Each structure stands twice: as structure tokens, then as C-alpha cells.
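Hi everyone, thanks for making time this morning. I'd like to walk you through one model, taking the cysteines first and the surface afterwards.

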Amino acid sequence: LSVSRADLVASLVALRQREVSSHVAFLKEVLPLRNWSDAKLRRLARKVTARTFPRGASLVAQGQPSSTEDLFFIVRGNCRGERQINVPGVGAHTTELCLLWPKDMCGEYGLLQRTATRAEASVVALTSVEVLALPKRHFDTLLGSERTLHLIRHRYEARYPDEEALVKRYFAAGQWQEYRGELLGEVRRTLPGEPGRGRNASAIFGNPPWVAKTKGRRVPPPS
């Protein structure tokens with residue numbers, strides 16, 4: 001079996017055209033790109049490369065050199081955005097920031113801060129993940145639209161707060177857990193059934209009209 005050079009080239013060209021068309025069909029569903037023309041999407045589609053990451057791999061690694069070199073469009077699978085922060089009195093703490101799904105993007109920091117060489121957050125694959133990767137040398141493809149950049153920046157800032165905001169969130173969550181524990185402890189102490197228990201129930205819950213007394217015990221009405 002022999003194949004002429006011309007037939008081989010024609011087959012490769014047709015394969016590439018189908019690949020680009022598939023990329024265009026996907027990219028037009030990515031929110032910041034939904035107002036792009038097919039011609040502009042096709043130019044972008046020619047510059048992305050399909051890649052696969054196994055579960056547990058880092059698509060973007062916080063603080064690592066060259067971690068801003070690619071922008072990823074997630075095709076299949078899901079990821080977790082996270083950031084390590086320094087909490088006063090506690091030390092290093094990794095906090096989950098967001099979950100990313102197909103048609104989401106990650107690696108935007110390198111696009112928004114063109115001189116940055118180290119990412120300020122990590123993105124880790126929770127499953128096997130397929131992406132379209134756009135290398136930094138082609139970022140200019142995305143810079144011609146103010147609307148696109150505005151949407152990318154808005155979504156990035158909402159998902160990846162700065163360290164000061166994350167430290168405040170950490171302490172607020174701790175205060176809520178402490179309050180919740182105290183409240184549940186008080187509820188347990190007010191449950192009837194043992195001598196001396198239940199004295200504070202009315203102080204916490206009031207005395208709703210549906211509570212009936214039956215042989216000295218409070219029981220709710222039938223559901």
C-alpha cells in the first residue's frame with residue numbers, strides 16, 4: 001500500500017481543518033468569547049494546542065517560575081483553584097477558592113499581568129482534564145477586545161481574592177465555627193429528658209403555640 005505525497009498532504013490539511021473547526025465550535029461557548037466573529041475565533045483556534053492533565057496535576061502552580069506562560073480553556077474535566085496564604089498566628093494555610101468546569105478558563109494572571117512570571121494561585125486537576133492551551137506568545141490574540149479583557153478580569157478578581165481578603169475570610173470562618181459549636185452545645189444542654197435539662201429551651205426557642213405538654217414532656221404536633 002502506497003500513498004502519494006499529494007494525497008498525504010491533502011489528508012493532513014483536511015484533518016487540521018476539522019480540528020480547527022472543532023476548536024471554533026468549543027471556543028464560541030466560552031463566555032468572554034461569545035461575541036467574537038467566526039473569523040476571529042478561527043484565528044484563535046489555529047494557535048491553541050490540545051493537552052491532557054492527569055488527576056492531581058497542577059495546570060497552574062502558585063509561585064513557580066514560568067507558571068504564567070499558558071492560558072487554558074477547559075474542555076473536559078474539572079479543577080480546583082486554591083491559594084496558599086500566610087495567616088498571622090497560624091502560618092501557611094491553603095484555601096480553596098473556586099471550582100472550574102468545562103468552558104472555564106485558568107491561567108489568566110499571565111494575560112492580565114503581562115510582566116508577571118509567577119502565578120498568585122494554583123489550579124489543580126480534580127479529574128483527568130482536557131484543555132486547549134494558548135501560549136503566552138499568542139496572548140495578543142485576546143488583547144484586541146476591551147469587552148473580552150473586562151470579562152476575563154472581572155471573573156478572575158471574583159474567583160481569586162487578594163491575600164488580605166482571604167485572611168479576613170479565614171478568621172470569619174473560624175468565628176462562625178466557634179459560634180456554631182457554642183450554639184449546638186447550648187441546644188444539647190436544653191434538650192429535655194434528664195433532670196435539670198431543658199430549662200433554657202424557652203429562652204432560645206421561645207414557647208411556640210404548637211408545643212403541647214404530654215405527661216410532663218414537650219412534644220411537637222404531628223407532621
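**Cysteines and surface patches**

Let's begin with the cysteines: there are zero disulfides in this structure. Please keep in mind that this is a predicted model.

So what keeps Cys79 from a bond with Cys106? The answer is distance: the sulfur of Cys106 is the closest cysteine sulfur to that of Cys79, yet the two are 5.7 Å apart, which is too far for a bond. For a disulfide, the two sulfur atoms would have to be within 2.5 Å. Cys98 is in no disulfide either, and here the nearest cysteine sulfur, again that of Cys106, is 9.1 Å away.

Buried or exposed, then, for Cys79? With a relative accessible area of 0%, Cys79 is buried. Cys98 counts as buried too, because its relative accessibility is 10%, and the cut-off for buried is under 20%.

Now over to the surface. Here we have a patch of positive charge, where Arg42, Arg43, Arg46 and Lys47 gather. Let me pick out Arg43, which sits in helix α2, spanning residues 38–45. Arg43 has 46% relative accessibility, so we call this residue partly exposed.

Which residues make up the nonpolar patch on the surface? Those are Val3, Leu8, Leu12 and Leu15, and together they have about 390 Å² of accessible area. Val3 lies in the segment before α1, the helix that covers 5–27. At 58% relative accessibility, Val3 counts as exposed, since the cut-off for exposed is over 50%.

That's my tour, and I'm happy to go back to any part of it.

Conventions. Residues numbered from 1 in each chain as written. Predicted model: local features only at pLDDT ≥ 70, side-chain atom pairs only at ≥ 80, totals over all residues. Heavy atoms only, no water. Patch = residues over 30% accessible without salt bridge, like charges linked within 9 Å, V, L, I, M, F, W, Y side chains within 5 Å. Areas by Shrake-Rupley, 256 points an atom, 1.4 Å probe, with all protein chains shown as cover. Salt bridge = Lys/Arg side-chain N within 4 Å of Asp/Glu carboxyl O. Lys, Arg positive; Asp, Glu negative; His and termini not counted. Charge placed at Lys NZ, Arg CZ, Asp CG, Glu CD. Helix = DSSP H or I, 4+ residues; strand = E, 2+ residues; numbered from the N terminus. Buried < 20%, exposed > 50% of the residue type's maximum accessible area, 1.4 Å probe, protein only.
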